[in-house]
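Subject: Structure for you to look at

Hello,

Here is the structure I promised you. Please open it first, then read my notes below.

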Amino acid sequence: MQKSAVKNLLNGLAIGITAAIVIFGVYGWCVGWFKDIDSMRTFVGRAGVFGPMAFITIQILQVVLPFIPGGMTLITGVVIFGPVWGFVLNYAGVAIGSAINFVLAKKYGKKLVTHLVEEETYNKYIGKIENSKKFERFFALAILLPFFPDDTLCLIAGLTNMSYQKFAAIILLGKPLTIVAYSIAFVSAGQFLPFLLK
C-alpha cells in the first residue's frame, strides 16, 4: 500500500473515531452521564469491569494512533478513577501501547514508521539512532521527562538494535514518573474542576 493511501486510511480512521466520540459525548451529556464528575463515575461504575477495560483500550489506542490527544486521556483517568486507580490504568494502557509501537516498528521497519510519524518529526529524531548508545540514553531521558513525543520515539526505538528487555526496562521505570506528574498536577488543580464543568 502506498504512503498516500495509508495516510488517507489513517485520516479516515481519525475522522471516524473523532465523530464517534463526539456523538457519544453529546448523547451522554444529554442523558446526564457526563454533566458532572459524580455522574461520570456512576456511569463508568455501572459498566463494572468493562469500564476499566474500555479505558485501558482507549489509552492503548491513543498511543498507537497518533491523532488521539494523550494528555486528555491521562486527565480523564484521574477524574473518573481517582489518583491511584487512574494512575494504574493510565500506566497499563500507555505501557502496553508503547510496547505495541516498539514491536510494530521492529517487525515492519521504516516503511510503517514513516506512515505513522509526520515527516518533520521523523527527520528531527531519526539521526539520533546512528549512535545506539547515545540514542538509548536520550530515549531513557525522553521517557522520563514530559514534553517529548514518547509515542514517536517508541516507534523510532524499534528501528534500532535496542533489545526488548532494555526497552521494557526504560518504559517500566521511566513512564510512571511522567504519569504521576500529570496526576499530581491535575489533583492539585482539582479545586477548579467544578467551575469548568458547570
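**Thr-160 and its surroundings**

The side chain of Thr-160 has a polar atom 3.1 Å from the backbone nitrogen of Met-162. Please keep in mind that this is a predicted model. Thr-160 sits in the loop that runs between helix 7 and helix 8. Is Thr-160 buried or exposed? Its relative accessibility is 13%, so Thr-160 counts as buried. Beyond its neighbours within four places in sequence, Thr-160 is in contact with Lys-106, Ile-129 and Phe-135. Thr-160 can also be placed relative to Glu-136: the two are 24 residues apart in sequence, and their C-alpha atoms are 9.3 Å apart.

**The overall fold**

The chain has 9 helices and 0 strands. Read from the N terminus, the elements run α-α-α-α-α-α-α-α-α. The chain has 198 residues, and buried ones make up 37% of them. About 11,500 Å² is exposed, with carbon and sulfur atoms supplying 70% of that area. Contacts across the sequence deserve a look too. Take the contacts with a separation of 6 or more: 70% of them come from residues 24 or more positions apart.

**Salt bridges**

How many salt bridges does a search of the whole structure find? The search finds 2.

One joins Glu-136 and Lys-166, with the closest N and O atoms 3.0 Å apart. Glu-136 belongs to helix 6 and Lys-166 to helix 8 (residues 164-188), so this pair ties together parts that are 30 residues apart in sequence. Glu-136 counts as buried, at 13% relative accessibility. Lys-166 counts as partly exposed, at 33%.

Another joins Asp-150 and Lys-175, with the closest N and O atoms 2.7 Å apart. Asp-150 is in helix 7 (residues 150-157) and Lys-175 is in helix 8, so the pair ties together parts that are 25 residues apart in sequence. Asp-150 is buried, with a relative accessible area of 9%. Lys-175 is buried as well, with a relative accessible area of 6%.

**Helix 7**

Helix 7 is mostly covered, with 7 of its 8 residues buried. The salt-bridge residue Asp-150 is one of the buried residues in this helix. Thr-152, Leu-153, Cys-154, Leu-155, Ile-156 and Ala-157 are buried there too.

**Helix 2**

Which residues of helix 2 (residues 37-46) are buried? They are Ile-37, Met-40 and Val-44. These residues cover an arc of only 65° around the axis, which puts them on the same side of helix 2. The geometry behind this is simple. An α-helix has 3.6 residues a turn, so residues three or four places apart point the same way. On the other side of helix 2, Asp-38, Gly-45 and Arg-46 are exposed. After helix 2 comes Gly-48, which has a positive phi, near 65°.

**Tyr-164**

Tyr-164 is found in helix 8. Tyr-164 is partly exposed, with a relative accessible area of 46%. Which residues does Tyr-164 touch, not counting those up to four places away in sequence? They are Phe-102, Val-103 and Lys-106. Tyr-164 and Phe-102 are 62 residues apart along the chain, yet their C-alpha atoms are separated by 8.5 Å. Lys-106 also appears among the contacts of Thr-160.

**A nonpolar patch**

Leu-141, Leu-144, Leu-145 and Leu-177 make a nonpolar patch on the surface, of about 330 Å². Leu-144 lies in helix 6 (residues 132-144). With a relative accessible area of 35%, Leu-144 is partly exposed.

**A glutamine pair**

Gln-62 lies in helix 3 (residues 50-64). Gln-62 counts as buried, at 6% relative accessibility. The side chains of Gln-62 and Gln-59 are joined by a polar contact of 3.0 Å.

Best wishes

How values were computed. Residues numbered from 1 in each chain as written. Predicted model: local features only at pLDDT ≥ 70, side-chain atom pairs only at ≥ 80, totals over all residues. Heavy atoms only, no water. Patch = residues over 30% accessible without salt bridge, like charges linked within 9 Å, V, L, I, M, F, W, Y side chains within 5 Å. Areas by Shrake-Rupley, 256 points an atom, 1.4 Å probe, with all protein chains shown as cover. Salt bridge = Lys/Arg side-chain N within 4 Å of Asp/Glu carboxyl O. Helix = DSSP H or I, 4+ residues; strand = E, 2+ residues; numbered from the N terminus. Buried < 20%, exposed > 50% of the residue type's maximum accessible area, 1.4 Å probe, protein only. Polar contact = N/O pair within 3.5 Å; in protein donor to acceptor, adjacent residues only side chain to side chain. Arc of directions from axis to C-beta. Contact = heavy atoms within 4.5 Å.
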